[in-house]
Amino acid sequence: AHGNAQRGRADPGPGAPGGLFAWLRGRCLGRGAAVDPARDTFGAMTGLYAAIQPADSVSLSTRTHGAVFNLEYSPDGSVLTVACEQTEVLLFDPISSKHIKTLSEAHEDCVNNIRFLDNRLFATCSDDTTIALWDLRKLNTKVCTLHGHTSWVKNIEYDTNTRLLVTSGFDGNVIIWDTNRCTEDGCPHKKFFHTRFLMRMRLTPDCSKMLISTSSGYLLILHDLDLNKSLEVGSYPILRARRTTSSSDITSSGSSGPRAVGSPCHQNNSGPLSEKTLSRPSQREGGSPRNSLEVLTPEVPGERDRGNCITSLQLHPKGWATLLRCSSNTDDQEWTCVYEFQEGAPVRPVSPRCSLRLTHCIEEANVGRGYIKELCFSPDGRMISSPHGFGIRLLGFDAHCSELVDCLPREASPLREIRSLYSHNDVVLTTKFSPTHCQIASGCLSGRVSLYQPKF
């Protein structure tokens, strides 16, 4: 009784309309007073982020290693890895701001992305079409090199439950690697999915969905994901979407994705995908089949035409939303947009399905045209760090950095700028929050890495 009295109107309890399951779901989403105790800790961390001053940044740099394309912390926050243009991977101690090691020939071409499998093992991918596995305890040699892509590899994801590594590249392929059977010669692998114009691929935190962004402005969502089943052309059900394309345009066994020069984002000269309406119904009535494909054209403010290039794709740490960075066809305008996942069936059976709803957005500085700007959520999902010219902007869903579920607007609202941090002398390409400390890292086109943290 005392617990119910404390909850009051904000949390009516399991006896309220909707029953026990609705009440539990509300708790999981962070609504009401009875929530995860860590939420207060995250709230305090958010306050510290808002108090960070640019003067407290620390510049990390070694010899000339080219532009910084990606930053990744180890899960325990003890190591910061840096993917560089000139074949190098840099390792820093983010607490002491000391350089640990340089992997001078990590790959034979640009290093694009780094992903930790645990606190010791991490993977890197490159424009040399390979993926490399590394062990922090023995950095003199690679654990193994993975061959399978035929063009530049841009993205790495990892399913901790199945220990499957998932990669994507400009060859349009999404490939699954079984690290359970890894040897010095590599890992068993299979092609999972193929699409033209592929830019980025992400898994939701629970690995129930795969999202794929394209340079032609389409966002593909695979629902009820089953990574153990390879998807051949025409072998998966397609859900009706707000704007759809023909499966022959989306997937093609003989076509390849856009090939860029260097690591900037480039539009494909073939033009956007066609807009034929799919007529093939879902394979199973009344249910959601595994690996159901949904094709969307996310709404982008200020650019109502088709063909926006979705250059950066991130997922909310709790799986509530997706974060996109989009550039216009003419590359003269950029937007950061947040889309909430809309679960369940359409409101009306005859209405088209659309899993995403635009909730927040903001226009970005059009600096460093053609280069991909990698943005990110904070560990608690309350803030966004976005490259902005020669610095970064910390953005919130409202002025108080509230949880997304606590401040969902009826119509799309602007993201609120909490603070701007500038310490670079070139265009910032990537930024990342530490998973364990109140720290933000950013990297720029000239190769400088900066750390921002409160000064006590």
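A salt bridge here is a side-chain nitrogen of Lys or Arg within 4 Å of a carboxyl oxygen of Asp or Glu. Everything below comes from a predicted model, in which local features need pLDDT of at least 70 and side-chain atom pairs count only at pLDDT 80 or more, while totals for chains, interfaces and linings use all residues. Residues are numbered from 1 along each chain as its sequence is written, and side-chain values use heavy atoms, with hydrogens and water left out.

**View 1. Glu334 and Arg325 meet in a salt bridge.**
The N-to-O distance between these two side chains is 3.2 Å. Both ends are tucked away: Glu334 is buried at a relative accessible area of 3%, and Arg325 is buried at 1%. (Buried means under 20% relative accessible area, exposed over 50%, and partly exposed in between, using a 1.4 Å probe and protein chains only.) Follow the shared partners and you get one salt-bridge network made up of Arg325, Glu334, Glu364, Lys373, Arg393 and Glu417.

**View 2. Lys318 reaches Glu403 from another part of the chain.**
The closest N and O atoms of this salt bridge are 3.3 Å apart. Lys318 sits in the loop between β19 (309–315) and β20 (321–327), and Glu403 in the loop between β25 (391–396) and β26 (413–414). That puts the two partners 85 residues apart. Strands, like helices, are DSSP runs numbered from the N terminus (strands: E, at least two residues; helices: H or I, at least four). Is each partner buried or partly exposed? Lys318 is partly exposed, with a relative accessible area of 37%, whereas Glu403 is buried at 3%.

**View 3. Arg382 and Asp380 make a salt bridge.**
Here the closest N and O atoms are 3.5 Å apart. Arg382 and Asp380 are both buried. For the overall tally, the model has 15 salt bridges.

**View 4. Strand β25 sits between β24 and β27, judging by its pairings.**
Two strands pair if DSSP finds at least two bridges between them. Strand β24 (residues 383–388) runs antiparallel to β25, with six bridges joining them, and six more bridges link β25 to antiparallel β27 (residues 416–422). Leu395 makes a handy landmark: Ile384 stands opposite this residue on one strand, and Glu417 in β27 stands opposite it on another. β24 and β25 form a hairpin with two residues between them, and Gly389 in that turn has a positive phi of about 65°. How many of the six residues of β25 are buried? Six of six are. Gly391, Arg393 and Leu395 point one way, and Ile392, Leu394 and Gly396 point the other.

**View 5. β2, β3, β4 and β5 make an open four-stranded sheet.**
The strands come in the order β2-β3-β4-β5, with antiparallel pairing. β2 (68–73) and β5 (98–103) stand at the edges with a single partner strand each, so one side of each has no neighbour in the sheet. Neighbouring strands are turned by 20° against each other on average, direction ignored. (Angles run from 0 to 180 degrees between N-to-C directions of axes, which are lines fitted to C-alpha atoms, for helices over the stretch in contact.) Look at β2 and β3 (residues 80–84) and you'll find five antiparallel bridges, with Glu72 opposite Thr81 in β3.

**View 6. Thr124 in strand β7 has polar contacts to His107 and Trp134.**
A polar contact is a pair of N or O atoms within 3.5 Å; within protein, one must be able to donate a hydrogen and the other to accept it, and residues adjacent in sequence count only if both atoms are side-chain atoms. Thr124 lies in β7 (residues 121–126) and is buried, with a relative accessible area of 0%. Its side chain is 2.7 Å from that of His107 and 3.0 Å from that of Trp134. Leaving aside neighbours within four places in sequence, its contacts (heavy atoms within 4.5 Å) include Val89, Val111, Ile131 and Ile156.

**View 7. Glu340 in strand β21 contacts Gln342.**
Glu340 lies in β21 (residues 334–341) and counts as buried at 16% relative accessibility. The side chains of Glu340 and Gln342 make a polar contact at 2.7 Å. Thr359 is 19 residues away along the chain, yet the C-alpha atoms of Glu340 and Thr359 are separated by 6.5 Å. Beyond its neighbours within four places in sequence, Glu340 also touches residues including Trp320, Arg357 and Leu408.
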